[in-house]
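Take a look at the protein model below. Keep the sequence at hand as you read the notes that follow it.

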Amino acid sequence: MAEQVIYLDTPDKSEMDKKLYKLIRLPNGIRALIISDPTPMPHDGFTTSESSVGEGSETSGETETTNSSSEYTTSTSGSGHSTSDSDSEVGDEKLAACAVLLDYGSFSEPRDYQGLAHFLEHMIFMGSEKYPEENMFDAHIKKCGGFTNAITDCEDTVFYFEVAEKHLDSSLDYFTALMKHPLMKQEAMQRERCSVDSEFQQIVQEDETRRDQLLASLAAYGYPHGTFAWGNMKTLKENVDDLELHHMLHEVRRDHYAANRMYLCVQARLPIDELESMVLRHFADIPSNDVPSPDLSMYGYQNCFRPEFHKNAFFVKPVENVIKLELTWVLPCVRQYYRSKPDQFLSFLLGYEGKGSLCAYLRRRLWALELVAGIDENGFDLNSMYSLFNLCIYLTDEGFKNLDDVLAATFAYVKVIAQADPKILRTIYEEQQGIEEIGFRFQPQRPAMDNVQQLVLNCKYFPPKDVLTGKDLYYEYNEKDLVYMIAHLNEFKFNLMLTARKYGDLVFDKREPWFGTEYTSIPMPEKWTLLWFSADPKKMPELFLPESNRFITNNFDIYWHQMGKPVLPDSPKKLLHSEICELWFRGDDKFELPEAYMSFYLISPLPRKSAQNDAMCALYEELVKFLVSEELYPATSAGLNYTFSVGEKGLILQVHGYNEKLHLLVESIAEAMIRVPSMLNDEMLATFVKDQRKTYFNTLIKPRALNRDVRLCVVEHLRWLMIDKYKSLNNITLKDLQEFATLFPQQLYVQGLVQGNVTEEQAHNVMNTLLSRLGCVQIEEHYYVEDRTVQLPQGAHYIRCHALNEQDTNTVITNYYQIGPNNVRLECILDLLMMFVEEPLFDQLRTKEQLGYHVGATVRMNYGIAGYSIMVNSQETNTTASHVEKRIEVFRNNMLQILEEMSQEDYDHTRDSLIKLKQVADTALASEVSRNWNEIINEEYMFDRRRQQVEVLRTLTKHEIVAFLLDNEISNMRKVSIQVIGHELAKSKMKSLAETSALAKRTLSETKSINEDDADEDVEMESSAEEGDEEQDEDELFQALADKLNVVFLPEEGDATTIVDIAEFKSNLDLYPMNLANTENASTNPALIEDIMMS
């Protein structure tokens, strides 16, 4: 067989990339990219390559810090990104990963079975001839500490997984069995149809997805992108014969899931020849056939959409409170221009936010706060037929009122580019070319799973030599390609879509059939046509092309090399500790890149004093970013990045990128913090209050976000409900916000971490500059900066509220179980427990009972207080919240049985998997920094946490975990169930739903366009409603939401366990003190099972 393998060109790579690559074509036609990581394998008694099918090792998880610093979660279904010591090396484990791309997607599915490609992706996992049990591959991967998923796109379907290297061989055996002989039994179809439908219900309220489907409804007749790719019960069950559907599934799988249509990428820390042998052993006998890839060349991009796509203006009613102006041009598929990338260069120019840009012009007038330009990488926007180049401007209310002027400026800026001197364009291009070359040269290493997911796509779309470079590098300047693309943008032929809740007297008289999106369309207003043809950039001197970038890095020296590569301590070093700050530092001796991270937590007593203060902190944060946006945007395009965000106790400033000029970002943001009070005026206040109101609204209408907000408010001592912050916004005066912005920097405690390619002196200088610019003194009111957690009362309590979007059927149930003060042993017990129950939970609640698409069990830490939660996202139209909650509790009560019935071999195997996950090495500096930063802001400072966890896990017995469950159930059951309940569709809405159903049926049979009743005459209209009417509409919207949550917590008569007032519930409860996370008290360790039984 080996002599039939064709060896393709080895891909070009960065000089910093130490991995080995081999690109081959197997005898059956599979193109495989094999990646060998040369990092030495550890020898800790666990890692050996196995060739037989066996049980696995490795996963627990990645620690994620939420927006507040109070809680982090350990998820058992994610990839590991944290290091710790093993008996050999610190963090010397790595995960192997595999991705397989099938050259088949929703564009190719039969129109009578819309969503079939997505449904097929689900059904593939339902067992194979070799391993017939449903979800057996998924169970194996999870048991081996891994993660698996799949994505169906328009032209591709990608399956991918990661797993401990020891179990790569066995995992490939399970996976390829699904590719060769999947069962896809007819009796499994109903369950997976429910899963597909549940997945659809969870995205049906997402405006971006609704926009794509609306554009799909404008596809030219017979064109493949006019499909409904998600699929639901209507397309896969109603008027569908199950026998025919079952036959069609197998037929499509046989024809299109063939080796000649398959691309493979696998990465592991094994010799490249051994990986090649593994690939041949598992993939060479996958059947191939003569069915070619879909040929979409017959569909010209010029005619992909019906004429109304660009001849009409579209007005769309959103789910969220948002105002967007979008211009969308249809371009040819831009993949053919990958060497010169004219589309990416134009994305840079149109999306630029620095001096002279369209974004800066609109921001200065407070007409827009955000602008995005370019081609999205999803298959609907970028495919073999066309590319959709989108310019999206997020308008303020003031921008909405001045829509004509916004359009005039937008059209003028397009002309700035179209009329630019080619020499100037080339100069800007070559500067960007240099930036991209630097970025590719010093690209941080990606986790293996992320890497294979990207590269398997590259294998399909780029020649072998360019598989690694094709997506990133500007190879050459091609004036012809650039002029061709500019000509497309400079033509008055684009889709204009305005997304807003109201526009003058227009009525949303149309409804997209699948998502129910309300919209209308009219012939392009004549005044907007005149604006385009009269656009003259000379009349707008504020608009000009980007200037030379002062933030481009020139010095790439590595300080650790200059110092002679000394041995550095694994943990950060405390450089400074005073009443106003603490500064931690660690140089870099692992990644050897010219990059650094600087993080600062600006802790203030102000946010926790009132909901209004908390809301003003968010306004202050947005104002600071507004003031620096124009100045610092060039830095972000030159490889430097910053985030400035609200934390529980203040503001978090983080900058990262090439280290040479990174300190300039810290200085600029510190100066802006001081400038806010003097720059603030009534117009800015009104704009930012309305914008923050929309932000809160758009968060609150998402059931999962509302569920989390309520849960944290119940658990944490000092925390304000988001709805209370929302209500407070209207009471904020200019004087209030000026005083807050003046007071905030005056009293602070600053936690800092500087890590990477920097020196101790530079770290000191950055902190000193920050403190001197802010001029802060020590905090006097420490009560408001102390982190406290409420001790939940024993027993079960419930808090229920309805989802705020009355069109949303999604119900989110989170049962949270509080344990108590954390220690390493308890942490390990919970991590291991979640790993044991993850797959049974998925199998029971999702696969068998079909309660919802998303189910999960998660370890939670709130200010050093340990607990865990079980979450199910279901739909109220399918089952009730009370039923879901009861089924969660039934499963939780069975957790003890799951453990008791587990063999010692399975226990040891799973425990060893978790140990190996704890030992997974950081792939990039960002991972190590994130872990250290979490220790600092949580004030636990256990920088060797993973090493300590491994030591505990090695001695942790099954008896101890069983004893823990028994003990907790008998003496410490503290539960709160947070239930955000979706809406059943009211009878009053049945008419519109019936209309939607009729439209869907017409779409299925591809009858005439639902838009044929568009008026022929040109409609002249005002650009917005009368100012008074619009403000009244906005105020009504605000008041409606504010009033709604006054009665949101639902009582149950005579039930004392139901919480209807969070403040009252917490008022008499005990509080856990700070910093109990480091307490290692033997008395807190779970007793042995024999002790529990005796008691």
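This briefing goes from the whole chain to single rings, strands and backbone angles.

The model is predicted. The protein chain has 1095 residues, and 63% of them are buried. It holds 36 helices and 29 strands. Take the contacts between residues at least 6 apart in sequence: 84% of these join residues at least 24 apart.

**Aromatic rings**

- The structure contains 50 aromatic pairs.
- One pair is Y361 with W367: the ring centres are 6.5 Å apart and the planes meet at 70°, so this pair is edge-to-face.
- Y361 and W367 are both buried.
- Another pair is W584 with Y941: here the centres are 5.3 Å apart and the planes lie at 20°, so the rings are stacked.
- W584 and Y941 come from distant parts of the chain, 357 residues apart. W584 belongs to strand β18 (residues 581–587), while Y941 is in the loop between α30 (925–937) and α31 (945–955).
- Are the two partners buried or partly exposed? W584 has a relative accessible area of 8%, so it is buried. Y941 has a relative accessibility of 28%, so it counts as partly exposed.
- One aromatic cluster is formed by seven named residues: W329, F389, F411, F492, F494, W532 and F533.

**Charges over rings**

- Which residue lies over the face of F842? It is K142, at 4.1 Å from the ring centre.
- Y361 appears again here: the charged end of R365 sits over its ring, 3.7 Å from the centre.

**Helix α31**

- The buried residues of α31 include R945, R946, Q949, V950, V952 and L953.
- Why do they count as lying on the same side of α31? They cover an arc of only 170° around the axis, so they share one side of the helix.
- The general rule helps here: an α-helix has 3.6 residues a turn, so residues three or four places apart point the same way.

**Strands β25, β26 and β27**

- Strand β27 spans residues 865–875, and eleven of its eleven residues are buried.
- Side chains in a regular strand alternate between the two faces of the sheet.
- In β27, I865, G867, S869, M871, N873 and Q875 point one way. A866, Y868, I870, V872 and S874 point the other way. Both sets are buried.
- β27 runs antiparallel to β25, and eleven bridges join the two. In this pairing, T814 stands opposite M871 of β27.
- β27 also runs antiparallel to strand β26 (residues 854–862), with nine bridges between them. Here V855 stands opposite V872 of β27.
- β26 and β27 form a hairpin with two residues between the strands. In this hairpin, Y863 takes a positive phi near 50°.

**N815 and its surroundings**

- N815 sits in strand β25 (residues 810–821).
- Its relative accessibility is 0%, so N815 counts as buried.
- Which residue shares a side-chain polar contact with N815? The partner is E885, and the contact is 2.9 Å.
- Set aside the neighbours within four places in sequence, and N815 is in contact with Y868, S869, I870, E885, I888, E889, K975, V976 and S977.
- Y868, S869 and I870 from that set also appear among the buried residues of β27.

**Unusual backbone angles**

- Most residues other than glycine have a negative phi.
- L366 is not a glycine, yet it has a positive phi of about 60°.
- Where is L366? It lies in the loop between α11 (358–364) and β12 (368–375).
- L366 has a relative accessible area of 4%, so it is buried.
- E939 is not a glycine either, and its phi is positive, at about 55°.
- The loop between α30 and α31 holds E939. Y941, the stacked partner of W584, is in the loop between α30 and α31 as well.
- E939 has a relative accessible area of 18%, and buried means under 20%, so E939 is buried.

Definitions and conventions: Residues are numbered from 1 along each chain as its sequence is written. This is a predicted model: local features need pLDDT of at least 70, side-chain atom pairs count only at pLDDT 80 or more; totals for chains, interfaces and linings use all residues. Side-chain values use heavy atoms; hydrogens and water are left out. Rings of Phe, Tyr and Trp (its six-membered ring) pair if their centres lie within 6.5 Å; planes under 30 degrees apart count as stacked, over 60 as edge-to-face and the rest as tilted. Buried means under 20% relative accessible area, exposed over 50%, partly exposed in between (1.4 Å probe, protein chains only). Helices (H or I, at least four residues) and strands (E, at least two) are DSSP runs, numbered from the N terminus. A charge sits over a ring if NZ of Lys or CZ of Arg is within 6 Å of the ring centre and within 35 degrees of the ring normal. The arc is that of the directions from the helix axis to the C-beta atoms. A polar contact is a pair of N or O atoms within 3.5 Å; within protein, one must be able to donate a hydrogen and the other to accept it, and residues adjacent in sequence count only if both atoms are side-chain atoms. Contact means heavy atoms within 4.5 Å. Two strands pair if DSSP finds at least two bridges between them.
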